[in-house]
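Reader: I am new to this structure and would like to look closely at one part of it rather than skim the whole. Could you choose a single place, explain the terms as they come up, and then set that place against the rest?

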Amino acid sequence: MGTPTTQIHRGDCWAAGKTLTPITAERARNELADGAKPCDACRPDRPLGMPPPQP
């Protein structure tokens, strides 16, 4: 699916830095389901309806 993602952010996240690459909600769900970590600041998994990450 392209470049590996280490952390998923919302587009308006203050903690994301300057190297964001926009992706679709579907891809974000897939990335999160495959183990990408949601940002602790903006929590993009919540509006996408994803279950909370497991420790």
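Author: A residue is called buried when its relative accessible area is under 20%, exposed when that area is over 50%, and partly exposed in between (1.4 Å probe, protein chains only). By that rule Arg-43, the residue I have chosen, is buried, because its relative accessible area is 18%. What you see is a predicted model, in which local features need pLDDT of at least 70 and side-chain atom pairs count only at pLDDT 80 or more, while totals for chains, interfaces and linings use all residues. Residues are numbered from 1 along each chain as its sequence is written, and side-chain values use heavy atoms, with hydrogens and water left out.

To place Arg-43, it helps to have the outline of the chain, which holds one helix and two strands, running β-α-β from the N terminus on. Helices (H or I, at least four residues) and strands (E, at least two) are DSSP runs, numbered from the N terminus. Arg-43 is found in the segment after β2, and its backbone has a positive phi of about 45° although Arg-43 is not a glycine.

The side chain of Arg-43 forms a salt bridge with Asp-45, the closest N and O atoms being 2.7 Å apart; a salt bridge here is a side-chain nitrogen of Lys or Arg within 4 Å of a carboxyl oxygen of Asp or Glu. The pair is also listed as a polar contact between the two side chains, at 2.7 Å, a term that stands for a pair of N or O atoms within 3.5 Å, where within protein one must be able to donate a hydrogen and the other to accept it, and residues adjacent in sequence count only if both atoms are side-chain atoms. Asp-45 too is found in the segment after β2, and Asp-45 counts as buried because its relative accessibility is 3%.

Another residue of this segment is Cys-42, which lies after β2 as well and counts as buried at 10% relative accessibility. Leaving out residues up to four places away in sequence, Cys-42 touches His-9, Arg-10 and Cys-13, where contact means heavy atoms within 4.5 Å. Cys-42 and Arg-10 are 32 residues apart in sequence, yet 6.3 Å apart in space, C-alpha to C-alpha. For the chain as a whole, among contacts between residues at least 6 apart in sequence, 52% join residues at least 24 apart.

Arg-10 leads to another salt bridge, since the structure holds three of them. Arg-10 pairs with Asp-12, with the closest N and O atoms 3.0 Å apart; Arg-10 is partly exposed, with a relative accessible area of 35%, whereas Asp-12 counts as exposed at 56%. A further bridge joins the side chains of Glu-31 and Arg-27 (3.1 Å, N to O), and these residues are separated by about one helical turn because they are four residues apart in helix α1 (residues 25-33). Glu-31 is buried, with a relative accessible area of 11%, while Arg-27 counts as partly exposed at 22%.

The helix itself has a buried side, for in α1 Ala-28, Glu-31 and Leu-32 are buried. They cover an arc of only 95° around the axis, which puts them on the same side of α1, the arc being that of the directions from the helix axis to the C-beta atoms. What covers the buried residues of α1 includes β1 and β2, and the face turned away from that buried side carries the exposed residues Glu-26 and Ala-33. After α1 comes Gly-35, whose phi is positive, near 115°.

A word on the whole chain and on confidence may help in weighing these details. Of the 55 residues of the chain, 27% count as buried. With pLDDT being the predictor's confidence in each residue, from 0 to 100, the chain has a mean of 78, and 80% of its residues reach 70 or more. Confidence is lowest in strand β1 (residues 7-8), at a mean of 86, and highest in strand β2 (residues 37-38), at 88. Where pLDDT is low, the predicted coordinates should not be read in detail.
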